[in-house]
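Reader: I would like to go through this structure with you, one topic at a time. Could we begin with the aromatic rings?

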Amino acid sequence: LWQKEKSQRNSLENLKRFNQENKAITREFIEIFPAIVGEKKDFKNDYQYQELVERAGVSRAAFYRNYGSKEEILKSIFESCITKITKSLDSYNLKTDLYQVWVYLLKEVKKEAKIISLAIDYNFEQVLTKAVYDFLEKRNGSSSNGAGSYLNSFWSSAIVSVISKWVKDGMKTPAEKIAKLGLPLFPQKKK
């Protein structure tokens with residue numbers, strides 16, 4: 001019995017250490033990633049694992065324990081970027097602040113344009129769509145098994161479509177002009 005408890009404690013300690021290491025590596029990559037993307041190199045073809053590992057200041061073994069590919073790094077960074085943006089939207093009223101929400105959202109997307117553009121190139125839109133869907137589910141109070149979840153699914157795809165098109169078009173149209181279109185962020189009640 002004592003050996004079993006000791007083994008469980010060791011497993012728990014190893015899991016905690018693994019999670020801390022994963023968070024630290026992700027933080028390191030988040031810090032260096034904008035510089036890497038800004039170098040005009042092709043992330044997919046021009047960067048070798050060893051270069052990424054050295055620039056992040058982590059060991060190759062730690063990298064391989066936490067990421068199976070360069071794409072997994074990008075996905076992790078993209079998820080962190082999305083989380084930051086969606087959390088900051090919590091302070092807005094989606095019904096009365098529609099214009100401000102769109103301006104804010106597009107300006108935040110523009111700040112993270114290199115990462116978002118690269119993520120779109122890697123077909124990670126589903127990550128963004130899920131984050132927007134989860135945000136709408138939380139904000140609209142819909143349950144995942146009700147009819148409202150279908151509306152949130154529709155609107156999350158529509159919002160991501162607008163963002164993706166804007167990024168792919170080089171964000172030439174000002175955020176304020178898109179916001180003036182009055183695009184809804186959720187289903188509008190019929191009058």
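Author: A definition comes before the count: rings of Phe, Tyr and Trp pair if their centres lie within 6.5 Å. Please also keep in mind that this is a predicted model. A search of the whole structure finds three aromatic pairs.

Reader: How are the rings of Y92 and Y104 placed?

Author: Their centres are 5.5 Å apart and their planes stand at 40°, so this pair is tilted. Planes under 30 degrees apart would count as stacked, and those over 60 as edge-to-face. The pair links distant parts of the chain, since Y92 belongs to the loop between α5 and α6, and Y104, twelve residues apart from Y92, belongs to helix α6.

Reader: And what about Y122 and F124?

Author: Those two form an aromatic pair that is stacked, with 6.1 Å from centre to centre and 20° between the planes.

Reader: Are those two residues buried or exposed?

Author: Y122 is buried, at a relative accessible area of 13%. F124 also counts as buried, at 10% relative accessibility. The cut-off for buried is under 20%.

Reader: Next topic, please: how many salt bridges are there?

Author: The count comes to seven salt bridges. One of them joins the side chains of K138 and D90, at 3.2 Å from N to O. K138 lies in helix α8 (residues 125–140) and D90 in the loop between α5 (70–88) and α6 (98–111), so this pair ties together parts that are 48 residues apart in sequence.

Reader: How accessible are K138 and D90?

Author: K138 counts as exposed, at 55% relative accessibility. D90 is partly exposed, with a relative accessible area of 35%.

Reader: Which salt bridge lies within α6?

Author: One example is the salt bridge between the side chains of K111 and E108, at 2.8 Å from N to O. Both residues lie in helix α6, three residues apart, which is about one turn of the helix. An α-helix has 3.6 residues a turn, so residues three or four places apart point the same way.

Reader: What is the accessibility of each partner there?

Author: K111 is exposed, with a relative accessible area of 62%, whereas E108 is buried, at 8%.

Reader: What does D134 pair with?

Author: The side chain of D134 meets that of K130 in a salt bridge, at 2.8 Å from N to O. D134 and K130 both lie in helix α8, four residues apart, or about one turn of the helix. D134 counts as partly exposed, at 36% relative accessibility.

Reader: Let us turn to the helices. How far does α5 reach?

Author: Helix α5 has 19 residues and reaches 28 Å from its first C-alpha to its last, close to the 27 Å expected at 1.5 Å a residue.

Reader: Which residues of α5 are buried?

Author: The buried residues of α5 are K70, I73, L74, S76, I77, F78, C81, I82, I85 and T86.

Reader: How do α5 and α8 lie relative to each other?

Author: Their axes come within 10 Å and cross at roughly 30°. Angles under 35 degrees count as roughly parallel, so α5 and α8 are roughly parallel to each other. The crossing of α5 past α8 is right-handed.

Reader: And how do α6 and α9 cross?

Author: The axes of α6 and helix α9 (residues 148–168) come within 11 Å and cross at roughly 50°. The two helices are therefore oblique to each other. Helix α6 passes α9 in a right-handed crossing.

Reader: Where is L89 found, and is L89 buried or exposed?

Author: L89 is in the loop between α5 and α6. L89 counts as buried, at 6% relative accessibility. The C-alpha atoms of L89 and F135 are separated by 9.0 Å, and these residues are 46 residues apart along the chain.

Reader: One last topic, the backbone. What is the phi of N123?

Author: N123 has a positive phi of about 60°, although it is not a glycine. Most residues other than glycine have a negative phi. N123 lies in the loop between α7 (113–121) and α8, and N123 is exposed, with a relative accessible area of 53%.

Reader: What about M171?

Author: M171 has a positive phi of about 55° and is not a glycine. M171 is found in the loop between α9 and α10 (175–179). M171 is buried, with a relative accessible area of 15%.

Notes:
Residues are numbered from 1 along each chain as its sequence is written. This is a predicted model: local features need pLDDT of at least 70, side-chain atom pairs count only at pLDDT 80 or more; totals for chains, interfaces and linings use all residues. Side-chain values use heavy atoms; hydrogens and water are left out. A salt bridge is a side-chain nitrogen of Lys or Arg within 4 Å of a carboxyl oxygen of Asp or Glu. Buried means under 20% relative accessible area, exposed over 50%, partly exposed in between (1.4 Å probe, protein chains only). Rings of Phe, Tyr and Trp (its six-membered ring) pair if their centres lie within 6.5 Å; planes under 30 degrees apart count as stacked, over 60 as edge-to-face and the rest as tilted. The expected span of a helix is 1.5 Å times one less than its number of residues. Axes are lines fitted to C-alpha atoms, for helices over the stretch in contact, and angles run from 0 to 180 degrees between N-to-C directions. Angles under 35 degrees count as roughly parallel, over 145 as roughly antiparallel, 65 to 115 as roughly perpendicular and the rest as oblique. A crossing is left-handed if the near helix is turned anticlockwise from the far one by less than a right angle, and right-handed if clockwise.
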